[in-house]
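Biologist: Please take a close look at the nonpolar core of this model and at the parts packed around it. One connected account is enough.

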Amino acid sequence: MVAEDDGLFSRLRSGLRQDLSQLGARLTGLAPRRKGVSLQHRCFDAPDGRVRLHLRTHEDATGLLIVNGTDALHLSPLQADCAALVFDGMNGRGLEARATGGKVALQVGQALTHLRARYGAMRDFALEAEYERVRTAIERLSRPSERCRVCEAGIPQPEALSIRAQAPLKADLALSYACNNDCAHCYNEPGRRAMPSLDTDGWREVLDRLWQIGVPYVILTGGEATLRDDLPEIVRHAEALGMICGLNTNGRRLKDAALVEALIDAGLDHVQVTLASQRAELHNQIVRADAFDETVAGIRNCLGRGLHTITNTTLIEENAGEAVQIVDFLHDLGLRTFAMNGMIHSGCGAASPSALAMPRLREALTSARDRAAEREMRFLWYTVTRHCELSPMEMGVGLRFCNAAEYSVCIEPNGDVLPCQSYYEPAGNLLRDRWERVWECDLFTRIRFRREHPEDAGLSAECHECEDLRLCGGGCPLERQLTAANGG
């Protein structure tokens with residue numbers, strides 16, 4: 001009788017502990033799912049570099065784990081919840097559990113308590129396995145690496161571009177359309193240079209709104225962003241929110257070492273400087289200003305302060321024959337990463353006679369690519385093309401596709417939202433209109449769902465059933481519109 005009573009009390013105690021555990025999980029565990037998108041940020045500094053991780057969770061409970069603003073891992077609802085628990089256990093140096101196995105076991109036990117409350121129908125071993133998979137992935141990703149971050153994470157991913165984005169990953173902020181260069185092929189529309197710009201508080205509000213939407217990464221651009229005296233203040237606010245913040249510039253004002261220092265102190269993560277040529281005479285001819293010496297001085301200042309610095313060069317008739325020499329010049333400056341692109345078919349570039357025909361573009365691209373390999377430099381190619389005309393995959397420069405109105409948007413000086421920085425058709429105003437109205441407008445959805453509905457997006461008939469459509473998306477919509485306007 002005593003033995004039976006002991007067994008009964010033992011089962012009652014066990015059941016009571018389980019009930020209390022589940023109650024505790026419900027009271028103190030995973031936060032209730034909120035409506036819309038949420039964003040969390042963790043930053044890790046190491047001797048060999050910095051890693052910034054963002055966890056974005058969506059209204060449908062799925063998530064994205066974003067590495068340095070560019071590599072994104074899709075997460076199931078369970079994986080997103082596991083990642084949220086791992087983020088809660090992080091500090092500025094990485095995972096607190098790195099030190100001892102005991103802490104790892106403690107964190108796993110606490111995580112299981114929380115996960116049971118939401119996924120009670122799943123067995124503990126399955127919850128623990130998924131938590132460990134996510135924890136290990138974040139542990140790896142919190143360290144700098146030259147390897148493919150998606151591959152390194154070890155979390156199975158859906159087919160590339162098979163899932164539409166629920167919010168942008170990046171926003172280009174055109175702080176002003178004013179510029180101290182005057183490039184004849186500039187993609188900005190000339191009539192926009194006089195557009196009034198928001199004041200400092202207005203741009204702070206833009207950054208706040210973008211963070212609420214779930215955008216972890218902003219690039220400050222123009223026009224010429226460095227013409228604004230409040231640029232460090234805008235950078236500082238982005239950094240305070242947890243955003244990655246970059247700057248696209250002609251580099252002329254960065255000749256001032258004090259400005260470079262102020263931007264770094266404010267939290268600027270990287271800079272991209274436009275360089276038209278390695279020769280002063282040609283560079284100045286292309287940008288129509290006496291700019292070369294200031295631009296190169298700006299590059300040197302950024303490199304000298306350890307700011308992650310790259311350049312970008314638009315390949316046009318005037319400089320395409322010197323692509324190899326440009327690469328050599330950049331290498332000798334101390335750069336180890338650079339970018340190039342073809343003509344952007346917008347603004348002054350839409351009718352520019354300097355645009356390269358496709359065979360000439362391919363030739364210049366090949367020359368730059370091969371020289372970069374010889375110099376052991378990282379080469380970024382930006383131009384979006386139809387793969388049937390020029391396949392970046394076959395050229396060995398990676399997957400390139402139009403990310404407008406999906407992975408990237410642009411905010412104009414007055415707060416209007418564009419599909420991308422060179423697509424001048426506002427979809428609304430970030431500060432005045434509900435984001436859902438902008439994101440779901442006809443223009444954005446036509447661009448975003450062009451693979452699913454190519455006819456609605458205006459893609460040519462040969463694109464509709466093309467096997468490359470999933471990857472190339474029909475190329476650049478601006479080039480497509482220009483071709484159609486010219487009767488092509």
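Modeller: In this predicted model, the largest nonpolar core has 78 residues. The residues with the most contacts inside this core are Leu173, Leu210, Val218, Leu220, Met340, Phe379 and Phe444. Helix 6 (residues 200-213) supplies the largest share of the core, 6 residues. A second core, separate from this one, has 30 residues, with Leu73, Leu85, Val108 and Ala153 among them. For the protein as a whole, 52% of the 488 residues count as buried. There are 18 helices and 15 strands. Among contacts between residues at least 6 apart in sequence, 69% join residues at least 24 apart.

Leu173 leads to strand 7 (residues 170-174). Of the 5 residues in strand 7, 5 are buried, so this strand is largely enclosed by the rest of the structure. Both of its faces are covered: Lys170, Asp172 and Ala174 are buried on one side, Ala171 and Leu173 on the other. The buried set on strand 7 thus takes in Lys170 and Asp172 as well as Leu173. Strand 7 belongs to an open sheet of 9 strands, ordered 13-12-11-10-9-8-7-14-15, in which the pairing is mixed. The edges of this sheet are strand 13 (378-381) and strand 15 (417-418), each of which pairs on one side only.

Strand 7 has a parallel partner in strand 8 (residues 217-221), to which 5 bridges join it. Within this pairing, Ala174 stands opposite Thr221 of strand 8. Strand 7 also runs parallel to strand 14 (residues 408-411), with 4 bridges between them. There, Lys170 has Ser408 of strand 14 as its bridge partner. In general, strands of a sheet pair through backbone hydrogen bonds, either parallel or antiparallel.

Phe379 is another of the core residues with the most contacts. Leaving aside residues up to four places away in sequence, Phe379 touches Phe338, Met340, Leu365, Ala368, Arg369, Ala372 and Val397. Met340 is itself on the list of core residues with the most contacts. Phe379 also forms one aromatic cluster with Phe338 and Trp381. Helix 12 (residues 358-374) lies across strand 12 (337-341) and strand 13, and runs at about 160° to strand 13.

Helix 11 (residues 323-333) also packs against this region. Its buried residues are in contact with helix 10, strand 11 (308-314), strand 12 and helix 12. Ala323, Ile326, Val327, Asp328, Leu330, His331 and Leu333 are buried in helix 11. An α-helix has 3.6 residues a turn, so residues three or four places apart point the same way. After helix 11 comes Gly334, with a positive phi near 110°.

Aromatic pairs add a further set of contacts, and the structure holds 7 of them. A pair of aromatic rings is described by the distance of the centres and the angle of the planes. Phe292 and Phe329 make a tilted pair, 6.1 Å centre to centre with 35° between the planes. Phe292 is in helix 10 (residues 292-304) and Phe329 in helix 11, so the pair ties together parts that are 37 residues apart in sequence. Phe292 counts as buried because its relative accessibility is 8%, under the 20% cut-off.

The pair of Trp439 and Phe444 has its ring centres 6.4 Å apart and its planes at 75°, so it is edge-to-face. Trp439 and Phe444 are both buried, and Phe444 is listed with the core residues that have the most contacts. The charged end of Arg448 sits over the ring of Trp439, 4.0 Å from the ring centre.

The other sheet to describe is open and antiparallel, with 4 strands in the order 1-2-3-4. Its edge strands are strand 1 (38-46) and strand 4 (71-75), and each pairs on one side only. On average, neighbouring strands of this sheet are turned by 15° against each other, direction ignored. Strand 3 (residues 63-67) and strand 4 pair in the antiparallel sense over 5 bridges. Gly63 has Leu75 of strand 4 as its bridge partner.

Note on methods
Residues are numbered from 1 along each chain as its sequence is written. This is a predicted model: local features need pLDDT of at least 70, side-chain atom pairs count only at pLDDT 80 or more; totals for chains, interfaces and linings use all residues. Side-chain values use heavy atoms; hydrogens and water are left out. A nonpolar core is a set of buried Ala, Val, Leu, Ile, Met, Phe, Trp, Tyr and Cys residues joined through side-chain atoms within 4.5 Å. Buried means under 20% relative accessible area, exposed over 50%, partly exposed in between (1.4 Å probe, protein chains only). Helices (H or I, at least four residues) and strands (E, at least two) are DSSP runs, numbered from the N terminus. Contact means heavy atoms within 4.5 Å. Rings of Phe, Tyr and Trp (its six-membered ring) pair if their centres lie within 6.5 Å; planes under 30 degrees apart count as stacked, over 60 as edge-to-face and the rest as tilted. A charge sits over a ring if NZ of Lys or CZ of Arg is within 6 Å of the ring centre and within 35 degrees of the ring normal. Two strands pair if DSSP finds at least two bridges between them. Axes are lines fitted to C-alpha atoms, for helices over the stretch in contact, and angles run from 0 to 180 degrees between N-to-C directions.
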